[in-house]
Amino acid sequence: MGFGGGNFGVVLKALAGAIPADRPALVHGERVVSWGELDAITDRIAAGLIARGLRTGDIAGQMLRNTPDYMLAYFGCVKAGVVPVNVNYHYKPRELADIFTRFGLKALFTESAFADAAAEAMPAGTLTVDVSGSGWLALCDTPLPAGFAIHDDPEALFLTATGGTTGMPKAVMWPMDQAWGAFNIGLWQRPPGTAPLVVASLDEQVAEAARIGPEHPASPSPLLLLSPLMHGAGQFTAVIHLLKGGTLALLPAAKFDAESALDEIKRIAARGVFIVGDAFALPLADRLDARGDGAEVLASLRTITSSGAVFSPAVKARLIAHHPALTIIDALGSSESSGTGIVITTAAGSSGRGKFQPLPGRETKLFDENLQEIPRGSDGVGIVARTGPLPLGYLGEDAKNAATFPTIGGQRWLMTGDRARWSSAGTLEFIGRDNMCINTGGEKVFPEEVEAVLMGHPAVQDARVVSLSDPRFGRKVVAVVQPEGTPPDDLQALLDSHARAGLAGYKIPRLYVFTETSLRLNNGKPDYKTAQALADAAGAG
C-alpha cells in the first residue's frame, strides 16, 4: 500500500535529516544552497513570518524569477502554515491589484525589478518582502523561538495560479496529500522491465532519497529547470524534484537564453532539463545546430522533459540528432490535473506512435459537451477527463468549479479542457485546448493542431493560428507565420500544400500572414494577442 503523502514541510525536514547536509539542493550559477541550509533557512523564514503576524491559512505570493529565493520563500511559507501562490511578474499594477484582492494575499515576496508595480497594487497592511533587500536577509536570519515547530497538516493547501488564458488567473487549491499522489512524488522509477517503487511510508521516501544522491547512476540530478517557477509546470517540477531529495539547478540569467542554457547544461553536467515545448526547444535546437558541439554539450544529459505547450515531433528529432541516447518526455497536463498523458521519444521512435498514453493510477475518459462518454474505438473528439487525486477546485469560483469538476455517475471528475480523440491503440490524439477552438462553418478547428503541422515545414520558425470573421462560415482560419531565414517567394503555396497533406480541408488556413515579429511572449508562451492583431490588420487591408 502506498504512502498517502505528507505535509511538504515535514517531508523536506525529514529528507534534510537523512541526506548529507552538504548535498546541493539549489544551484544558481555560483550560488549553491545545500540541503542543510535549505532546511535551516526555511525554518527561520517560517518563524519570521509567524513573528510578523502571518497566521495558518494566510496566503502569500511569490512574484519572483527563477532563483533559490523562490524555493526558500515557498518552503518557508509551507513550514509556517502559510499558503504559497505563484504570481506572474509580467503583470501590470491593474492586473496585480485584481489577483491580490481576489486571492486575498496577506504577504508577497518580490524583487527590486517588480517592487514598484507590486507596491502600487498591494492592499494596505500587506507584508511585502523584497528578496534583494535587507528585509529578506532579516527574515532569513530570524532566531527560532523556544518550542518552534513547523506546520504539519498533510491536508494543508498550496495554490497554483493558472495562466489566465480565457481571463484573469484562477487559483487552483491543492491539498498536499492529494498533490502527493497526483504528482507521483512517492513513485521511483526502476530499470526498464521492472515495476517502479511506490513508497509505503515517509521513512521509505527518505531512505530512497538518501540512497540515490547526485553521484548515484540512477539519479536524475542535477535537473536544470528552464521553465519559469511562476508557472504551474515549473513549480510542480521543482517541488517534486526537491521532495525526492534532488539537486535543482536554475539558469543564472534574468530570462531564458538558449546559449546560456546550453553552457549551463555542460558546466553542471545536467542529467535532466525541464522546458515548455517548442518555446524553449526551438531556440535550443537552433543554437545546437549553429554551435556544432552538440554531442559534447549534451553528453551528460539523459532526459528532456516538457509540459505546458506543444512540442513538435520535428523539433524533438532535431534535439535527438545531437545526442542519440537522449530520451524526451512530453507530458500533457495543467495546473488542475498535474498530468494526464505522456509521450516518450527516443532515437528509435515515439511511444504510442507519437500520441499520448494515459497515465497509470487514474481513470481517463473522453466526454462530449453533454458529459456523455465517448468510448474507446469511436472517432469522436471530446474533452479529456480524469479521476484520481484532484485539487479542491478554484478559490472562490463556485460556477467554474461545478463545470470543471462535475460528478458523473457518482464519481468526481476533472474536465481538463484538453480536446482529444481515441486512437485504435487506446492512446490519446491531442487536438487542442477547448478554450482556443475556432468554429468555422460548424466545424471545430484547434489552433495547436494546425500550428504543429505548419511548424513541421523547414521554412517555418514559428506559427500561430487565429481567425477572422467570414460572411459564409462565421470564422475563417488564419495562419500568422514567422518564416525561418529568407522565405521562398512561393512560401504560401508551399505551406498550403504542406498543410493539405496532413489536415482536413476545413482546417486549412484561408489566409496566411507573414511577419518578422516574434509570436512568443516574454515567458516563451504563444502570443495569440499579437497574432490576432496582425491578422486583423491583414484582413482589414
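A cavity is a set of grid points where a 1.4 Å probe fits but cannot get out. In this predicted model, the count comes to two cavities of 30 Å³ or more, and the second largest holds about 50 Å³ of space.

**The two cavities**

The second largest cavity is lined by Leu262, Ile265, Val273, Leu284, Leu288, Leu298, Leu301, Ile304 and Leu319, and by class this lining has nine nonpolar, no polar and no charged residues. Helix H10 (258-268) and helix H11 (277-291) each supply at least two residues of that lining. The largest cavity, with about 80 Å³ of space, has a lining that divides into seven nonpolar, five polar and no charged residues; among the residues that line the largest cavity are Asn86, Tyr91, Phe103, Gly163 and His231.

**The nonpolar cores**

In soluble globular proteins, nonpolar side chains tend to be buried together. Here the largest nonpolar core has 67 residues, of which Phe8, Met71, Phe109 and Trp136 touch the most other members. Helix H3 (residues 68-80) gives the largest share of this core, nine residues. If residues up to four places away in sequence are not counted, Phe8 touches Tyr74, Phe75, Val78, Phe158, Met176, Ala179, Ile185, Val239 and Leu243. Apart from this core lies another, of 50 residues, which includes Leu251, Leu326, Ile508 and Tyr512.

**Salt bridges**

A search of the whole structure finds 30 salt bridges, and the table sets out three of them.

| Salt bridge | N to O distance |
|---|---|
| Asp39 and Lys13 | 3.0 Å |
| Arg267 and Glu264 | 2.8 Å |
| Lys365 and Glu373 | 3.5 Å |

The pair of Asp39 and Lys13 links distant parts of the chain, with Asp39 in helix H2 (residues 35-51) and Lys13 in helix H1 (residues 8-18), 26 residues apart. Asp39 counts as buried because its relative accessible area of 14% is under 20%, whereas Lys13, with a relative accessible area of 29%, is partly exposed.

Arg267 and Glu264, on the other hand, both lie in helix H10, three residues apart, which is about one turn of the helix. Of these two, Glu264 is buried at 5% relative accessibility, while Arg267 is partly exposed, with a relative accessible area of 44%. In the pair with Lys365, Glu373 counts as partly exposed at 42% relative accessibility.

Salt bridges can also join into a network, as they do in linking Glu259, Asp263, Arg287, Arg291 and Asp293.

Notes
Residues numbered from 1 in each chain as written. Predicted model: local features only at pLDDT ≥ 70, side-chain atom pairs only at ≥ 80, totals over all residues. Heavy atoms only, no water. Core = buried A, V, L, I, M, F, W, Y, C linked by side-chain atoms within 4.5 Å. Buried < 20%, exposed > 50% of the residue type's maximum accessible area, 1.4 Å probe, protein only. Helix = DSSP H or I, 4+ residues; strand = E, 2+ residues; numbered from the N terminus. Contact = heavy atoms within 4.5 Å. 1 Å grid on protein atoms, 1.4 Å probe; cavity = no way out; pocket = protein on both sides within 12 Å on 5 of 7 lines; lining within 4 Å. Points joined across faces, edges and corners; volume = space filled by probe spheres on them. Nonpolar A, V, L, I, M, F, W, Y, C, P; charged D, E, K, R; others polar. Salt bridge = Lys/Arg side-chain N within 4 Å of Asp/Glu carboxyl O.
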